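This report looks at selected local features of one protein chain, taking a group of strands, the cysteines and a loop residue in turn.

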Amino acid sequence: MAKFDLVVIGAGPGGYVAAIRAAQLGKKVAIVEKEKQLGGTCLRVGCIPSKALLESSHLYENAQVGMKERGVTFSKVQLDLAAMMKHKSGVVDTLAGGIDGLMKKNKIERLVGHGKLSGKGQVTISSRGEEVQVEADQILLATGSVPASLPGMSIDGEYVGSSTEALKYDEIPKQLVVIGGGVIGLELGTVWRRLGSQVTVLEYMDRILPGLDSEIAKEALKLFKQQGLEFQLGAKVTGVKINRKTVDVLIDGQEPLRCEKVLMAVGRRPNTGSLGLEEAGVEVDQRGFVKVNSQYQTSVPGVYAVGDLIGGAMLAHKAEEEGIACVEQLFSSYGHVNYNAIPSVVYTDPEIASVGKTEDELKESGIEYRKGAFPFMANGRARASGHLEGKVKILADAKTDRVLGVHIIGANAGELIAECVAAIEFGASSEDIARTCHAHPTLSETIKEAALAVDKRTIHI
């Protein structure tokens, strides 16, 4: 029986990054993954393919309507959905191959099959009816999450699908109903809206993007409506009725909503199926997330877990940070994740990005703060590029001026937020950002101006 210092179950962002870091620290590592491609949900059927479609759909829409006022016009713009999907798949294949190369480069043994805990320090890998057992001093669970559904509603993959199915429609649905006004539903809903679908978003709450700063979410809702997305807030979906070629979405107190496709985007749940957790004695909470301590150790010594499996923000980069911290705690001397400095990005148009506390959280906690905001429309680069929507909002401690949270809705928000993450990580003040020289003309100047606004000394508005 092969013996390893560390066996990682799951080759998503948390798993493969942890495996690489352990190998860098001189450990003998194996990684178990049942899928042909490495990279997990994020790379295969999540973050990466969705961004490929997002970019392609932007190009298509801009070619149709977005460039006339700039003096660039096209005639007979056509959509080749098959080519768009081929490009998306090519991006995934290239990146997945790159991760495979990283495994070889770092001498990490890849074990193909479904991994499960099978005894103290043992993992059983099942593939095509055959089983192989390996031993490990330490075992790291990083199996991620899977799409959730509403009670009594199943995902059939044809009429009612998850994000996985919505990434590979072979035709553009005339009507698409998105159940859930969170990140996944809005990102994919906007993709298919740009490609020609009539998209209706149904959200049980009275707002979209729960968990994000409510002021930013309210502005996003207004912009999405202007783009043609339809919303029904406070809508309780009770079921679906599949007809011959259509689907009726049943809504409490309302007439059914008929469409061609339904995207179920009501969140994700931990992927704990057939991991042998109960038999091994690994405790989970009421929602099925694996319980861990501050060192990511489960209730079973020698068994650890990171990423979506343990809850919190279900983000690929959060899983990566946890994987590295866990491994460094095990095989080095120190590992740490600052959960207040984990950014989140919504890849809609415009993008939405945030880090730290929301204004709602500060109010609820009774923390005194000062706020500075600056609109994109007053930024030279934004006006030159035609991306005028949105703003930057910086929240700073009223006494210390330390940055507590930053929220951006606007062009390239996902890139702009990095500066703010670094500011929070290093305990910077809004004055520190305001005193930092930003190149002109750039969108990053909106960050500087918002920081100046905290002290009511904005220059360009």
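## Strand 13 and its neighbours

In this predicted model, strand 13, which covers residues 247-251, is largely enclosed by the rest of the structure, because 4 of its 5 residues are buried. On one side of the pairing, strand 12 (residues 237-242) runs antiparallel to strand 13, and 5 bridges connect the two. The two strands form a hairpin with 4 residues between them, and one of the pairings places Ile242 opposite its bridge partner in strand 13, Val247.

Strand 13 is also joined to strand 14 (residues 257-259), again in the antiparallel sense, by 3 bridges. Val247, already named as the partner of Ile242, has Cys259 as its bridge partner in strand 14. Strands 13 and 14 form a hairpin with 5 residues between them, and in that turn Gly253 has a positive phi of about 80°.

## The disulfide

How many disulfides does the model contain? The count comes to 1, and the bond is formed by Cys42 and Cys47, whose sulfur atoms lie 2.3 Å apart. The link between Cys42 and Cys47 is left-handed, with a value of -130° about the S-S bond.

The two ends of this bond fall into separate accessibility classes: Cys42 is buried because its relative accessible area of 16% is under the 20% cut-off, whereas Cys47, at 30% relative accessibility, counts as partly exposed.

## Cysteines outside the bond

Why does Cys326 form no bond with the cysteine whose sulfur is closest? That sulfur belongs to Cys42 and is 20 Å from the sulfur of Cys326, which is too far for a bond, given that a disulfide requires sulfur atoms within 2.5 Å. Cys326 is also buried, with a relative accessible area of 1%.

Cys437 is likewise in no disulfide, and the nearest cysteine sulfur, that of Cys420, is 16 Å away. Is Cys437 buried or exposed? With a relative accessible area of 74%, Cys437 is exposed, since that value is over the 50% cut-off.

## Ser444 in its loop

Ser444 lies in the loop between helix 13 (430-434) and helix 14 (445-454). Although Ser444 belongs to a loop, its relative accessible area is 18%, so this residue counts as buried, the cut-off being under 20%. When residues up to four places away in sequence are not counted, Ser444 touches Leu416, His438 and Ala439.

Definitions and conventions:
Residues are numbered from 1 along each chain as its sequence is written. This is a predicted model: local features need pLDDT of at least 70, side-chain atom pairs count only at pLDDT 80 or more; totals for chains, interfaces and linings use all residues. Side-chain values use heavy atoms; hydrogens and water are left out. Buried means under 20% relative accessible area, exposed over 50%, partly exposed in between (1.4 Å probe, protein chains only). Contact means heavy atoms within 4.5 Å. Two strands pair if DSSP finds at least two bridges between them.
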